[in-house]
Amino acid sequence: MATKIDSKESAVGLLAAYDTFLFDCDGVLWLGDHLLPHVVETLELLRSLKKKVIFVTNNSTKSRRQYTAKFAKFGLNVTEEEIFGSAYASAVYLSTIVALPKERKVWVLGQSGIEDELHQLGYETLGGSDPELDREFNSESPLLNVDPTVGAVVAGLDIKVNYYRLAATLQYLRDPKVEFVATNIDSTYPQKGRVLPGAGSIVESAACASGRQPVACGKPSQGMMAAIKAVHQFDPSKAIMVGDRLNTDMKFGRDGGLATLLVLTGIETKEGLDSLAPNLKPTFYAEKLGDLFLHSK
Ligand SMILES: O=C(O)[C@H](O)[C@H](O)COP(=O)(O)O
Ligand SMILES: [Mg+2]
């Protein structure tokens with residue numbers, strides 16, 4: 001049974017049991033540009049208790065560098081080393097696991113976060129935020145001609161997704177020698193008062209058209225966990241993953257041997273939590289992250 005964080009005893013007990021806190025972002029810290037209640041106080045409390053805090057987001061629209069600016073806008077002092085995004089994980093996967101030579105270009109179906117992380121690792125990108133792809137579709141356009149130096153496709157969340165972007169992505173994926181990488185698999189993501197199509201919904205379109213399945217680099221991939229552990233040493237038995245989604249955040253924490261805290265400010269509901277098999281239940285749950293601060297006083 002998941003323990004609810006709704007009393008001083010439960011909040012103080014959780015704070016005492018873990019020294020490393022991994023946080024999902026969308027649906028836990030914020031909903032788009034809306035910071036969730038008491039997030040600042042909760043993070044300040046953890047810092048004052050000398051806990052290690054790490055932010056692990058599947059949202060690939062921003063690079064780690066761009067996320068530091070978003071955190072700062074909310075008054076949160078977070079360093080690039082504390083942030084792990086799926087755009088970063090995808091760029092690291094191409095560079096270290098695939099060992100894609102830096103002379104090969106990468107076609108991006110996604111936003112500037114992916115482009116920025118790839119550029120920082122020395123890759124030239126095509127597609128992505130190129131405004132030429134916002135034009136009215138024309139099947140005879142040279143925009144659909146493939147550049148033979150492209151060695152990989154990286155697909156993620158793209159709020160400007162359109163037929164041109166999907167059609168051009170397909171031209172690259174028709175070549176089986178071109179790697180197919182997805183930043184993450186989230187079917188949806190939460191915004192204030194709405195649930196919107198996530199990266200997984202866009203990736204699935206490219207997968208369906210090409211008949212190929214990508215390697216997905218964000219949560220729950222343990223490749224993402226390895227990337228975090230390469231920078232931050234921590235004992236998994238004293239670490240907890242906080243998230244709003246079961247098949248990404250909670251699975252990521254569970255598979256990594258961490259405790260898990262599900263918050264109900266994003267994708268999952270109490271009804272969904274109640275219907276889970278015992279082995280899939282999180283260790284803890286809370287109405288919101290801020291309850292950890294509110295009940296610890
Ligand atoms: O890519 C997506 O579908 C969304 O950005 C998703 O919300 C991931 O963000 P996270 O909850 O991991 O911060
Ligand atoms: Mg989330």
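1. Ligand 1 is surrounded by 14 residues, and the closest are Asp26, Asn58, Asn59, Tyr189 and Gly198. The model is a predicted one, and the points below should be read accordingly. By class, the shell around ligand 1 comprises four nonpolar, seven polar and three charged residues.

2. The shell is not drawn from one domain alone: domain 1 (3-58 + 221-296) and domain 2 (87-216) each supply at least three residues to the surroundings of ligand 1. These are the two domains into which the protein chain is divided.

3. The C-alpha centres of domain 1 and domain 2 are 29 Å apart. Across the boundary, 15 residues of domain 1 are in contact with 14 residues of domain 2. On the side of domain 1 that touches domain 2, helix 8 provides the largest share, three residues. That side of domain 1 has four nonpolar, eight polar and three charged residues.

4. The backbone just before helix 8 merits attention. Lys219 and Pro220 are joined by a cis peptide bond, with omega about 10°. Pro220 itself belongs to the loop between strand 13 (215-216) and helix 8 (222-229).

5. An open sheet of seven strands, paired in parallel, follows the order 1-16-15-14-2-5-6. Strand 1 (3-4) and strand 6 (83-85) stand at its edges; each has a single partner strand, so one side of each is left without a neighbour in the sheet. In general, strands of a sheet pair through backbone hydrogen bonds, in either a parallel or an antiparallel manner.

6. Within this sheet, strand 2 (residues 20-23) and strand 14 (residues 239-243) run parallel and are joined by four bridges. One residue pair can be named here: Leu22 has Met241 of strand 14 as its bridge partner.

7. Two residues other than glycine call for a check of their backbone angles. His38 has a positive phi, near 65°, and is placed in the loop between strand 4 (34-35) and helix 2 (39-48). Lys50, likewise not a glycine, has a positive phi of about 65°, and lies in the loop between helix 2 and strand 5 (52-57).

8. Are His38 and Lys50 buried or exposed? His38 counts as partly exposed because it has 17 C-beta neighbours inside 10 Å, a number between the limits of 12 or fewer for exposed and 20 or more for buried. Lys50 has 7 such neighbours inside 10 Å and therefore counts as exposed.

Methods
Residues are numbered from 1 along each chain as its sequence is written. Chains are lettered from A and ligands numbered from 1 in the order in which they are written. This is a predicted model: local features need pLDDT of at least 70, side-chain atom pairs count only at pLDDT 80 or more; totals for chains, interfaces and linings use all residues. A residue is near a molecule or strand if its C-beta atom, placed from the backbone, lies within 6 Å of it. Ala, Val, Leu, Ile, Met, Phe, Trp, Tyr, Cys and Pro count as nonpolar, Asp, Glu, Lys and Arg as charged, and the others, Gly among them, as polar. Domain bounds come from an automatic or database domain assignment. Helices (H or I, at least four residues) and strands (E, at least two) are DSSP runs, numbered from the N terminus. Two strands pair if DSSP finds at least two bridges between them. Two residues are in contact if their C-beta atoms, placed from the backbone, lie within 7 Å.
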